[in-house]
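Reader: I should like a close look at a single strand of this complex. Please describe how it is placed, which strands it pairs with and how the chain reaches it.

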Amino acid sequence: MTGIVSGHPPARVDARGWGWRHATRADWAVRGLDLRVEPGERVLLLGASGAGKSTLIAALAGVLGGQDEGDEEGELLIAGRKASAVRGTAGLVLQDPDSQVVLARVGDDVAFGCENLGVARSEIWPRVRSALAAVGLTLPLDHPTSELSGGQKQRLALAGVLAMRPGLLLLDEPTANLDPEGVTEVRDAVARVLEATASTLVVIEHRVSVWADLVDRVVVLEAGGGVVADGPPADVLRREGAALAARGVWVPGHPPQHPVRRTAPTEEVLLAAENLSIGRGSVLRSEIDLAVTAGSAIAITGANGSGKTTLGLTLGGLLPPLAGEVNARALAGDLKPSPISWKSRELVTRIGSVFQDPEHQFLAATVRDELAVGPRVIGLGASQTSARVTELAERLRLVHLLDANPFTLSGGEKRRLSVATALVTRPPLLVLDEPTFGQDSRTWRELTALLAELLDTGSAVVAVTHDEEFVDAVATSRLRLGSVGVAR
Amino acid sequence: MSILTPVAGTQAIYRVNPVAKFATAMVISVGLLLSVDWVSASVALAFEAVLFFWAGIGPRRFVARTWPIFIAAAFAGVTIALYATASGQTYAQFLFAHVTEGSVNLAIATALRVLAIALPAVVLFLTIDPTDLADGLGQVVRLPSRFVIGALGALRLIGLFAQDWRALEHARRARGVADRGRVRRFAGQAFALLVLSIRRGSKLATAMEARGFGGTTKRTWARASVIGAPEVALVLIGVAVTGIAIATSVLTGHWNFLATR
């Protein structure tokens, strides 16, 4: 059908005994789900990771795939029609800002969905302009999408969905990869949009506080168990709050336990930055002085683009200092004191680095082999290697995943594995980039407890972070980087 | 920095439909490939030089983007001068190499031809915005939109390659595996980049699908891609340059159809 497609009225969602099993898995991701969402309702979907929330939202968006992708049972209807058959009624915004931008110019990207729905050209551009206004992106239509921040990219994705005038707005952790500023931007944009369109909303998020004021219903899912709690946010959170928090959901009033430090930082300097200039090629920041002592945890905070990650890489011996020096005499042993001069295999027993995106660090086809990379590099024997692998796998709840491919793990599991790969060679200094980004509260608690334990044994931690709670829980001091006048 | 950063400029050439630029480059290549002689190539180059000035690409950018062509042209010329079939007077000889009157003439003709064909193609393509090209291919040439838009989406990911590559380099050093030989290290890292790219690609495909891409509805195009007077003019300029070059060559008796002489 060509021609003008008008906007969809707020849509009803009906799940009747609905279930889905991915073709490659033995267990059902969702099964026996009975749920009705009335037009215009705003629902926050909660549940432990693995409860099938994302599967449900993907099915509602019609992107779960056909019969060759998995088995379906029961019925899933949007506005009375099969969800997989009604493209355009539901609009989906996903977690990763980078993989949702389709086109190079802001205006074109917003128009993309309209084009696919066959909206007439004369109607597309008014829709694009009103969608951009609704999400508060006041940029020229030909602004390059590559120059947007994470929060702006997510608002762009939201605008692209809005321009399609869906009756059902689906959000799958749209703020999980954003800094606090970006989270607020996106949340406010969604609030404005709902006010304007009265569209039905289903949002997944494990930080309840972001959406609690915006939704009028909370539904809790359990893996294979369907709906286990359903009702107004205050009621559900009062009844289920503690249970949800224990399963990793960030529930207001149920903060994760902070670790208790048993020893204080010492005076022994493991690594010192002296009058350091950092950058890739050109100087981004200079005159940085810093001393990391055994048992201390330094949090590096500051706005996006202030050079936090670059500083982390430079301290970790991965980027050369542009001026000044990084001196790690206490770690060096017989080597020169500057970490960048060490060989890769010399580095792993001295400084461990954990990156923001765990996927960049994975090298092997199974979790077991991934953990064995470090021990093999430093020449440990088979029995020692397997002892270390087992110990860490137990400590970080990875035992049941030892034969799984690292790329197939959940976000929390990937994070735990990436930390484990750095710890397995027992470096006295750990450099972490946004270790708690997008993590559920259970992984957060385990991670902070583990770090506190390492600090107690005389290790040191440098962590680049936006997470104030993490700073409170772990850091013994903070280095705040102010903005620098350079483009991101 | 992305390969898909919109290309824009104030000169008229930036507003010409990319499909016409393709056609023009094609006319010049086919026309100039018909003969291998120095006259037609030089005449075409002379006209092109004037047109380049118009296109408004500054000398620095021109050199930065075209230097490989000059090297290729020189390399082709030298090779032919040394190893082409000997004919006419011999200027120098060493092992298999004969520099003769015939080979030098052919060398000059070839080098000029490489420049006359490649330079306008590069200059024209430099002014093409990939999004406009996709619009043109979809609407004017009527290639399937699935293919055109899919390729455009994939192109955007190339911009993330450089970023991913750097991150992989750091990550592999941090994991202790960066001490291997250069070749093995490169191979391993290239494979990791491939894996990452495929993952990004499938995420992008989901995002595109979620916005209705690949459905059964006939797609509309937000930006009209039209062929009008400027497009016709550009192609005619291409035809004229090629035509004058060929005519001059024939009239001066240098025409050498497919280098058969």
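Author: In this predicted model, a convenient entry point is a residue pair in chain A: Leu169(A) stands opposite Leu201(A), which belongs to strand 8 of chain A. The chain passes from strand 7 of chain A through helix 5 (residues 180–197) of chain A before it arrives at strand 8 of chain A, and this β-α-β crossover is right-handed. Strand 7 (residues 168–172) of chain A and strand 8 of chain A run parallel and are joined by 5 bridges.

Strand 8 of chain A also pairs with strand 3 (residues 42–46) of chain A, again in the parallel sense, over 4 bridges. Within this pairing, Ile204(A) of strand 8 of chain A is the bridge partner of Leu45(A).

The surroundings of the strand can be described residue by residue. On one side of strand 8 of chain A lie Thr200(A), Val202(A) and Ile204(A), on the other Leu201(A) and Val203(A), and all of these are buried, so that both faces are covered. Because 5 of the 5 residues of strand 8 (residues 200–204) of chain A are buried, with under 20% relative accessible area, the strand is largely enclosed by the rest of the structure.

As to confidence, the predictor assigns the complex an ipTM of 0.84 and a pTM of 0.83. For chain B, the average pLDDT is 87, and 95% of the residues score at least 70.

Note on methods. Residues are numbered from 1 along each chain as its sequence is written. Chains are lettered from A and ligands numbered from 1 in the order in which they are written. This is a predicted model: local features need pLDDT of at least 70, side-chain atom pairs count only at pLDDT 80 or more; totals for chains, interfaces and linings use all residues. Side-chain values use heavy atoms; hydrogens and water are left out. pLDDT is the predictor's confidence in each residue, from 0 to 100. Buried means under 20% relative accessible area, exposed over 50%, partly exposed in between (1.4 Å probe, protein chains only). Helices (H or I, at least four residues) and strands (E, at least two) are DSSP runs, numbered from the N terminus. Two strands pair if DSSP finds at least two bridges between them. A crossover is right-handed if, with the strands pointing away from the viewer, the path from the first strand over the helix to the second runs clockwise.
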